[in-house]
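Biologist: Could you take me on a close look at the sheet in this model? I would like to hear how its strands are put together.

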Amino acid sequence: MRHNKDETHWALVDIRPRRSRHVFRIEGDGDLLLCDDRTAKTHHLSGPSCEVWNALDGKSSLEDVARRLTQLFDVDYPDALDDVEHLVAKFEELGLLEVT
């Protein structure tokens with residue numbers, strides 16, 4: 001992903017990330033455990049991070065995901081979008097996504 005420092009947000013308008021087919025999840029008590037079958041690494045998610053992960057279906061834009069967070073949690077849109085961008089960048093860094 002590219003970060004454009006001249007812009008307020010990531011240059012991700014048309015990015016629609018999708019969870020990698022190599023990552024499976026185990027749900028429990030509002031948390032998720034992500035398991036990457038290529039690396040055998042696991043990653044623990046909780047709260048809004050779970051909602052972001054679940055929304056990464058290859059169809060929803062980051063803006064769509066941020067709007068959903070504002071409906072589910074007490075967060076304004078700019079903060080939600082920042083959080084989504086940060087999480088998606090981290091997920092990508094960890095190799096958990098396929099970006100279309």
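**The sheet, strand by strand**

Modeller: Happy to! Let me start with one pair of residues: L34 has H43 in β4 as its bridge partner. This is a predicted model, so please read what follows in that light. A second pair links to the same strand, with L33 standing opposite H44 in β4. Behind these pairs is β3, residues 31-36, which is joined to β4 by 5 bridges, the two strands running antiparallel. The connection between β3 and β4 is a hairpin with 5 residues between the strands, and A40 in that turn has a positive phi of about 65°.

Now for the other neighbour of β3. β2 pairs with β3 over 6 bridges, again in the antiparallel sense. Here V23 has D36 in β3 as its bridge partner. β2 and β3 also form a hairpin, this one with 2 residues between the strands, and D29 takes a positive phi near 45° in it.

Put together, the strands make an open sheet of 3, in the order β2-β3-β4, with antiparallel pairing. β2 (23-28) and β4 (42-46) are the edge strands; each has a single partner, so one side of each is left without a neighbour in the sheet. From one strand to the next, the twist averages 25°. As general background, strands of a sheet pair through backbone hydrogen bonds.

Finally, look at what lies across the sheet: helix α1, residues 48-55, lies across β2, β3 and β4 and runs at about 115° to β4.

How values were computed. Residues numbered from 1 in each chain as written. Predicted model: local features only at pLDDT ≥ 70, side-chain atom pairs only at ≥ 80, totals over all residues. Heavy atoms only, no water. Pairing = 2+ DSSP bridges. Helix = DSSP H or I, 4+ residues; strand = E, 2+ residues; numbered from the N terminus. Axes fitted to C-alpha atoms, helices over the stretch in contact; angles between N-to-C directions. Contact = heavy atoms within 4.5 Å.
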